[in-house]
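Visitor: I would like a close look at one part of this structure, taken slowly. Please begin with a single helix and its surroundings, and then go on to whatever else helps me read the picture.

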Amino acid sequence: MQEIDSKGRQLLALLQRNVKTTIPDMAERTGLSTASIQRRLRVLRESGVIQKEVAVLDPKKLGLGITAIVSVELERDRLDQIDAFKRKARLDEQVLNFYCIAGDADFVMIVVAKDIAAYEAFTHRFFFADKNVRKFRTSIVVSTEKATLELPI
């Protein structure tokens, strides 16, 4: 894909703030025609620049009162076991974000749970039941000062 020009970046910024922005509104704000907007959006979607268009939900209003940041160290460096752990994390609905990192741990994940008891059940199911997990460290989020999916463009 070719580099994204300033008009394409404007479109992406508009979509990041509100995915429900209409094509006529985008055209008015960017000075592009509606046909050009539609074509550009199609290219951005097909090329994978726009990966997904989702609703951002409030976890607390959905009964998810605990957000935990968890660093995980695995016991072994066998590729099949690392892949199995990655698969398990990708599939678990309580794991919101999952990163393979360089540093003190192998992975960092953001996990949500209804309450502390539910988080404890998650740790038993996800970490203690996995012989490949050497250790994990949990930090419980006390307050969210900023949480965004908006990239600086």
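Guide: In this predicted model, what covers the buried residues of helix α2 includes two other helices, α1 (6-17) and α3 (34-46). The buried residues in question are Met26, Ala27 and Thr30, within a helix that spans residues 23-30. They cover an arc of only 100 degrees around the axis, which puts them on the same side of α2. If you look at the other side of α2, you find Pro24, Glu28 and Arg29, which are exposed. Both ends of this helix deserve a look as well: at the start of α2, Thr22 places a side-chain oxygen within 3.1 Å of the backbone nitrogen of Asp25, while the residue that follows α2 is Gly31, with a positive phi near 80 degrees.

From the helix we can turn to a pair of strands. Strand β2 (residues 95-100) and strand β3 (residues 107-113) run antiparallel and are joined by 5 bridges, and along them Tyr99 of the one pairing stands opposite Val108 in β3. The two strands form a hairpin with 6 residues between them, and in its turn Gly103 has a positive phi of about 140 degrees.

Strand β3 also leads us to the aromatic rings, of which a search of the whole structure finds 10 pairs. One of these pairs is formed by Phe85 and Phe107, whose centres are 5.3 Å apart and whose planes make an angle of 35 degrees, an arrangement described as tilted. Because Phe85 lies in helix α4 (residues 79-91) and Phe107 in strand β3, this pair ties together parts that are 22 residues apart in sequence. Phe85 and Phe107 are both buried. The rings of Phe128 and Phe136, with centres 5.4 Å apart, have their planes at 70 degrees, so this pair counts as edge-to-face. Here Phe128 is exposed, with a relative accessible area of 55%, whereas Phe136 is partly exposed, at 21%.

These rings can finally be seen together, since one aromatic cluster is formed by Phe85, Phe98, Phe107, Tyr119, Phe122, Phe126, Phe127, Phe128 and Phe136. Beside the ring-to-ring pairs, there is also a charged side chain to find: Lys88 lies over the face of Phe126, at 4.3 Å from the ring centre.

Terms used. Residues numbered from 1 in each chain as written. Heavy atoms only, no water. Buried < 20%, exposed > 50% of the residue type's maximum accessible area, 1.4 Å probe, protein only. Helix = DSSP H or I, 4+ residues; strand = E, 2+ residues; numbered from the N terminus. Arc of directions from axis to C-beta. Contact = heavy atoms within 4.5 Å. Polar contact = N/O pair within 3.5 Å; in protein donor to acceptor, adjacent residues only side chain to side chain. Pairing = 2+ DSSP bridges. Phe/Tyr/Trp six-rings, centres within 6.5 Å; stacked < 30°, edge-to-face > 60°. Lys NZ or Arg CZ within 6 Å of the ring centre and 35° of its normal.
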